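Me: I'd like to talk through a structure with you, starting with a helix and then moving to the aromatic rings. Here it is.
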Amino acid sequence: MSRPVAATCIALACGLLAAAERPLAPPDAASFRAFAHPSDDGQTINLEWGRSPDEATGTYYVVEIASEEDFKAGRFRRVARVASLAKLKSDEKRLRDYDDEAANRANKRLHYLAVEPASVYPADAKTVRDRDYYFRLAIVGTRLATEKRPKPPEPRPEEPEKKPRMPLLAAATEKSKDFLEQLQALQKALGKAGETIEEKRPTLTTASYLPLVSDIEAKIAKVMVLHDECLDELRALDRELVRRGPEALKQDVADWKKEVAAAEKEAEEKRKNDRPRVEEEVVEVEKDGEPAFVSEGGAPKVVKARASLPPLVRPEADGFRAFDLPSDDGAAIAVEWRRSPSENGRTTYIVEIAQVENGVYGAFKKAAEVPSLGAEKSEQPKFFGFASANKKLHCVTIQPAAVFPPDELALRQKVVEEQMAWMPKDWAPDTDFPQHLYPLMKPLAAYIEVAKGICGGVEALEGRQAPRLREADKGFLPELARYRAYGERLRRFEAHVERRLAEALKDARRKASRKLYAFQVGIRRGDETLYIQQDGKPKEAMGAARPNGVKWFKLNNIILSLSFCAVVYAFIGLARRNPNLFIRKIAGLEAVEEAIGRATEMGRPVFFVHGLGGMGDLSTIAAVSILARVARRSAEYDTRVRVMNNDPIVQAVSQEVVKQSHTEAGRPDAYNADDVPLVAPDQFSYAAAVNGLMVREQPATIFLMGSFAAESLLLAETGASTGAIQIAGTDSYTQIPFFITACDYTLIGEEIFAASAYLSREPRMLGSLRGQDVGKAVVMLVLVAGTLALTLASALGHDWSIIQKLFEAF
Amino acid sequence: MAAPQETTSPTRRTAELVVLVVLFFAFLAASAAKGRPVGAPDDWWLARLGVVVAAGLTLIMYSFLYRDNPLFKIGENLFVGVALGYGVILTWRQSLRPEIIDPLFVDPPHIHAFWMELARRSAPIVLGILLLTRLSRRASWLSRYSYTIMVGWGAGLGIPVTIHTYVLQQLKPSLGLISKALGDTPAGQQADLWSAALPILGDVIILAGIVSVLFYFFFSVEHKGAGSFVSQLGIWFLMVAFGASFGNTVMGRVSLLIGRMRFLLHDWLGLGP
Amino acid sequence: MGAPPTQAALRRLAVTRRIIYLLVAVAVAVPSFCDLGCEFKPSPWVEKIFKKVESLKPGSPILLSFDFDPAAMEELYPMGLALLRHCFQNDLHPILMTHWPGGVGISKQIIEKAAKERDKLPGRDYVFLAFKPGYSNLVLNMGESLQGAFSRDFYNQPTAGMPALEGVRSLKDISLVVGLAAGATTEMWIAYGRDRFGFDLGAGCTAVITPDLYPFLNSGQLIGVLGGLRGAADYEKLVKRADRATKGMQAQSLTHVLIILLILGANAHYLWRRTRPNEKG
Amino acid sequence: MWYKLTIPLVMCFAMGLVAFVHEFVPHPWAAAFREEMTTWFRIMGGFAMFIGLYALLHLHVTRIRRQQAGWAYSAFVFLGAVLTIGAGVFEEIRAAVRDVPEGAFSPFDWLYDYVQVPCQATIFSILAFFMASAAFRTFRARNVGAALLLVSAVVVMFGRVPISEEVGRMLGAWDTFPRAADWLMEYPNMAVKRAIFLGISLGAISQSLRVLFGIERSYLGGGS
């Protein structure tokens with residue numbers, strides 16, 4: 001830990017030194033150059049330069065470009081501004097030299113930028129390779145300035161929109177309009193269904209008309225609901241009409257419309273009055289004055305270069321292979337090949353796959369096209385580990401089942417026929433469907449005619465439409481009901497088919513991925529594609545997917561789990577044989593004696609308050625074994641112990657414990673079962689009752705042990721206010737703060753288990769406690785040693801990240 | 001805390017009773033004061049009644065602030081009961097019906113499908129029924145067969161999962177602590193060192209915190225000498241963290257109170273914006 | 001600690017207590033009548049979640065797990081509402097579930113409120129799966145097959161072939177899960193959900209458990225967290241729909257200040273007493 | 001007796017072993033097995049919930065029968081339960097008989113919205129009051145630890161509310177206090193919580209281990 005601290009101190013010191021303001025130093029001229037690379041794409045020009053000592057978050061490099069003409073005129077245009085800490089040459093994948101560590105380290109000390117002249121001179125886009133360009137480089141600093149900008153007014157908190165209540169007439173009209181629309185929609189849907197059935201009749205499957213059915217389903221449901229509501233509305237309206245006459249009702253509507261308009265106006269007003277606010281934003285602005293150019297002999301250094309397009313090179317044949325993806329469920333095949341020297345942002349690799357039926361290749365299909373700078377084998381350490389060799393390889397995982405999916409339609413047909421066979425004979429959907437459909441149409445039409453009338457609202461009522469509507473039901477609603485029952489059967493059948501189909505598909509996919517496949521890989525630039533070749537013709541790699549036995553990427557997990565389990569188990573065994581394993585002193589526990597002693601002096605009782613936990617949870621068990629000790633001591637000092645319970649079972653156990661410890665202390669007579677009461681069963685009543693007792697009996701000492709919830713605060717507070725010594729212990733971390741602030745001693749978290757193990761010498765607890773200690777020791781060791789090592793390494797510029805990768809969790 | 005410390009003399013009791021009655025009528029008056037809300041649906045009075053009931057229960061709950069009292073207990077138990085009933089109905093609606101009734105007796109379109117489903121679900125249903133034997137004294141041992149399966153599964157699966165989530169996933173970033181901060185800062189960049197130093201400092205603090213707290217909960221060696229210093233450091237870290245939790249707890253409880261206050265003032269009395 | 005206080009002392013304490021209660025009540029009530037006009041900026045952890053939701057394409061699924069009951073409602077209700085509003089604004093397909101039986105009612109209230117505002121329909125624009133027992137096992141089950149775990153939604157409609165669930169077979173097909181928790185469910189979602197099926201997990205939780213989530217934020221197992229009412233307020237701000245939480249912040253400020261003053265005052269008095277040993281007690 | 005104790009313990013161990021191993025096996029069988037198992041537990045879960053509910057009812061029954069302190073109140077538990085269940089059953093039947101228009105009155109939801117929600121939501125809000133009074137009466141900087149605790153508590157409490165930003169603006173930088181709070185959360189708090197998690201997880205593992213090896217048997221329930 002000393003190393004990083006030192007580093008930090010130095011850092012801080014230097015930071016202080018660097019406070020003073022001075023002109024920025026540009027990188028040295030020699031390092032600033034343009035260069036060509038086999039991976040060039042013919043559009044960009046590579047620039048590189050060394051790092052300036054003044055790089056910081058605030059400073060930027062500025063690259064300026066000039067075409068032949070501009071250069072003659074002495075005109076340069078800014079083509080890029082890059083943060084001075086970014087754009088290291090080592091970050092540029094295509095320039096990385098995968099064999100030469102030294103070169104890569106050198107790249108860390110260089111900046112790199114690929115400039116695209118066409119971005120400044122769009123006219124040159126075609127001819128960029130035949131022209132020279134001139135570049136110069138500067139470093140600029142920035143300062144922070146605040147800009148004020150108007151901000152849209154805060155949207156006001158949403159209020160319950162005060163809509164005036166809709167009068168009956170309007171409501172009824174709305175409702176009946178809605179109703180009519182639904183009816184017509186239903187009619188249309190039925191018509192559509194009918195036509196579809198007719199034209200599809202020869203090739204009719206449940207699947208083909210089920211969408212229609214479920215659509216009709218939904219509409220019918222709405223109609224049936226609306227029908228009832230509509231009738232209610234109309235009846236109500238009818239009554240009103242008789243009572244007040246049509247004019248009054250119409251008047252209501254008019255008033256209502258006015259009110260609504262008024263309300264909207266008001267809301268509008270409110271929105272207007274929102275005050276606009278101004279928001280301050282901090283922005284970087286470049287420092288004024290000439291930027292510091294990279295200069296040679298007083299003048300800014302200018303480098304001249306032109307874009308190059310080297311010929312495309314195909315990856316080597318050896319190292320190109322296809323194999324089952326390890327540690328997977330047998331769905332994928334991995335295809336791997338070497339890097340081509342001409343990779344760049346504009347090239348891609350394409351992977352093609354073909355089925356192999358007993359030695360005969362099928363046609364090759366494109367399975368994947370990946371950017372040539374990505375898809376490194378090293379990007380999937382989960383399956384291929386962290387070997388540095390993986391950086392030199394490309395690897396993509398192909399799921400054959402995705403490329404050659406099983407024929408879903410055929411499968412569906414098959415499943416449907418299977419299931420049909422099981423269906424009762426009198427039920428053959430695709431023949432009698434229309435027969436169920438058409439009877440619906442006529443009554444519906446009649447029904448709609450009636451419904452149309454209603455939409456007039458009052459006018460309709462003069463003709464008393466409501467009863468006639470009910471008349472029209474008689475033909476229609478029963479039909480609907482029959483239809484629905486039928487649709488219900490259909491839907492169930494189809495859902496069943498879907499489930500079966502899903503299984504069948506899963507099965508088919510599994511079979512598909514187990515087959516043998518052939519692969520081709522090629523590099524593509526524009527419309528030019530070069531396949532990996534072996535003696536003159538494209539090379540195929542064979543591979544098949546297999547389900548594997550072990551997830552090797554979880555190896556670290558396996559080892560850790562097993563070894564830790566072994567340790568714990570061993571220590572439990574040890575504790576069985578030797579029950580006085582060492583456990584350190586625990587402050588709260590030391591205080592127990594003193595606290596009880598105090599109670600004895602003052603001649604006042606000791607309170608032991610259980611938490612809410614049942615006998616099942618560990619903290620309660622721990623609490624009980626602490627209670628045993630407390631009871632024992634106070635029995636010896638002849639001090640009264642009162643144990644508060646809120647759980648009958650815990651109460652029973654506590655009574656047992658207290659009784660026993662009295663006997664052990666040779667005072668069985670002193671034990672009184674009423675000293676271990678069941679105070680109250682519910683959380684807050686419990687707290688209240690216990691507090692009552694505390695205040696009345698003024699105990700000298702209070703123990704709060706077990707798992708507590710919100711009531712901890714109440715108990716601890718009152719306890720403190722009565723002036724008792726309080727010793728608390730709980731593993732419910734959210735409550736610990738209250739105990740710490742209000743109690744004299746607190747057993748924090750695992751301490752309570754340690755305490756009980758210490759007292760009870762119970763092998764289970766003792767052993768696992770010790771086992772956990774070993775675990776913690778290991779963790780601490782790993783943390784400290786690992787961090788130190790990594791820090792050292794990164795300070796010395798080595799890459800020891802493997803230490804960290806050992807603990808990678810996939 | 002609810003105040004049982006007051007010795008409750010009979011005179012005081014009567015006084016309290018009177019106050020209670022007065023409060024009750026005040027409550028009714030307040031509730032009645034707010035008539036039919038504008039734009040309310042037809043069954044508005046049900047909602048309104050609901051709000052009044054809810055307000056009443058809320059106030060009863062708050063009466064606990066004065067003292068633990070019968071009204072509070074009634075409210076508490078009533079809500080326990082409602083929650084319980086809610087649980088029963090929900091278990092039926094969300095679990096038993098969709099898991100047992102529907103798949104067996106509603107969904108299958110033909111008898112064959114029914115048998116298949118039954119074959120698939122019989123085992124868990126039997127085990128589930130065995131669970132119920134836990135309720136009887138004599139047959140409760142049967143329930144163990146169900147429990148062992150569940151508990152065993154949980155325990156067995158729990159081990160690797162815990163290692164994965166709580167040990168590996170937590171150790172890895174901790175290991176990278178300082179080195180990462182160092183790696184992020186390019187070597188020899190003076191002007192930037194302030195911002196470079198701070199994260200390192202932070203990482204050192206984190207590391208110190210983790211280690212010292214772990215050491216504090218390390219029971220196999222006596223904490224003396226350097227040990228006592230480390231565990232002392234651990235305690236301090238713990239205290240700071242507990243402080244943070246404490247602050248958040250206060251925040252949470254206050255938020256709840258705010259919510260209830262909003263309900264009383266706004267929904268019940270219709271006051272405020 | 002000293003000698004036990006007399007009855008008189010206790011009564012005095014009782015009186016001070018009632019005064020404090022009154023102060024708190026006032027501090028909470030006042031802001032609902034007058035606006036203190038406190039401005040605040042969303043915290044970075046909240047923004048992370050917001051940005052993640054923003055980045056989802058319209059129609060893509062997002063699983064929301066509302067694992068809380070009315071006890072935590074005042075904190076998590078506004079949070080859930082803001083989240084759902086955001087989802088519906090961006091035409092995402094929220095899939096809502098809860099691990100807590102007590103949470104069904106509230107989840108229903110929230111989603112139906114949010115859906116009504118933009119007339120979204122269950123099954124078409126969102127899915128309300130409601131509750132199932134099983135906890136971590138349920139999550140594992142969903143990881144294998146969602147339709148298997150929830151064969152029907154809350155409205156008793158079969159989930160197989162539900163438009164809103166198009167392309168969602170299991171948790172592996174979901175890119176973002178946000179778990180609102182009043183208990184340990186967030187950690188369960190991390191252990192049994194995120195770490196296995198690799199979706200991004202955002203958490204929203206009561207202020208009480210927020211601090212426990214920082215290790216997971218630091219290790220990247222959580223992308224962000226909405227902590228308590230403040231988190232909700234932040235999110236409301238980001239969604240540009242100020243509501244309950246934003247209003248609540250005023251009262252929150254006042255009450256916190258009050259409590260802080262109480263703590264400081266009391267401790268100042270305490271230290272002052274301690275510095276004068278002659279009248280200790 | 002062997003079929004009461006031995007077999008269950010053996011089953012428990014076997015189950016645990018399988019669960020542990022299948023976690024490391026990518027073969028489709030493992031996934032299939034997991035799906036099967038989790039489906040089982042989903043179905044059993046329903047029954048398990050009934051156990052919990054029954055236990056609660058049972059508690060109150062015994063309270064009434066034994067006439068324990070405050071047994072009369074348990075009657076209200078039953079009142080609440082009966083009301084709610086009744087409402088639920090009523091709705092089930094109503095839905096079965098005819099299709100219900102959405103937004104129709106639902107007594108079940110009514111009970112939830114206007115009884116359960118307010119009660120449950122209120123109970124914990126009471127604590128806000130208690131905290132305030134406790135803050136005044138018992139939260140003392142008795143020693144360095146408690147002092148640290150209170151300081152960081154104050155910083156967090158203040159940093160988390162908007163007013164701190166207003167105060168910050170007065171002092172120049174609006175985000176002084178929020179950042180202080182965040183720092184506490186993200187550095188010391190994070191470290192401690194991580195350490196605690198490491199500790200707890202080790203504890204949890206050894207607990208599951210004790211269960212698997214039949215050392216810990218409390219889950220078997222009484223009557224062993």
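Me: How many residues does helix 3 of chain C have, and what does it reach from its first C-alpha to its last?
Reply: This is a predicted model, in which local features need pLDDT of at least 70, side-chain atom pairs count only at pLDDT 80 or more, and totals for chains, interfaces and linings use all residues. Residues are numbered from 1 along each chain as its sequence is written, chains are lettered from A and ligands numbered from 1 in the order in which they are written, and side-chain values use heavy atoms, with hydrogens and water left out. Helix 3 (a DSSP run of H or I, at least four residues, numbered from the N terminus) covers residues 73–89 of chain C, and its 17 residues reach 23 Å, close to the 24 Å expected at 1.5 Å a residue, where the expected span is 1.5 Å times one less than the number of residues.

Me: And why is helix 3 of chain C largely enclosed?
Reply: Because 16 of its 17 residues are buried, meaning under 20% relative accessible area, with exposed over 50% and partly exposed in between (1.4 Å probe, protein chains only).

Me: Switching to rings, how many aromatic pairs are there over all chains?
Reply: A search of the whole structure finds 53, counting Phe, Tyr and Trp (its six-membered ring) with centres within 6.5 Å, and calling planes under 30 degrees apart stacked, over 60 edge-to-face and the rest tilted. One of them is the tilted pair of A:Phe35 and A:Tyr112, at 6.2 Å centre to centre and 55° between the planes.

Me: Are those two buried or exposed?
Reply: Both A:Phe35 and A:Tyr112 are buried.

How values were computed. Helices (H or I, at least four residues) and strands (E, at least two) are DSSP runs, numbered from the N terminus.
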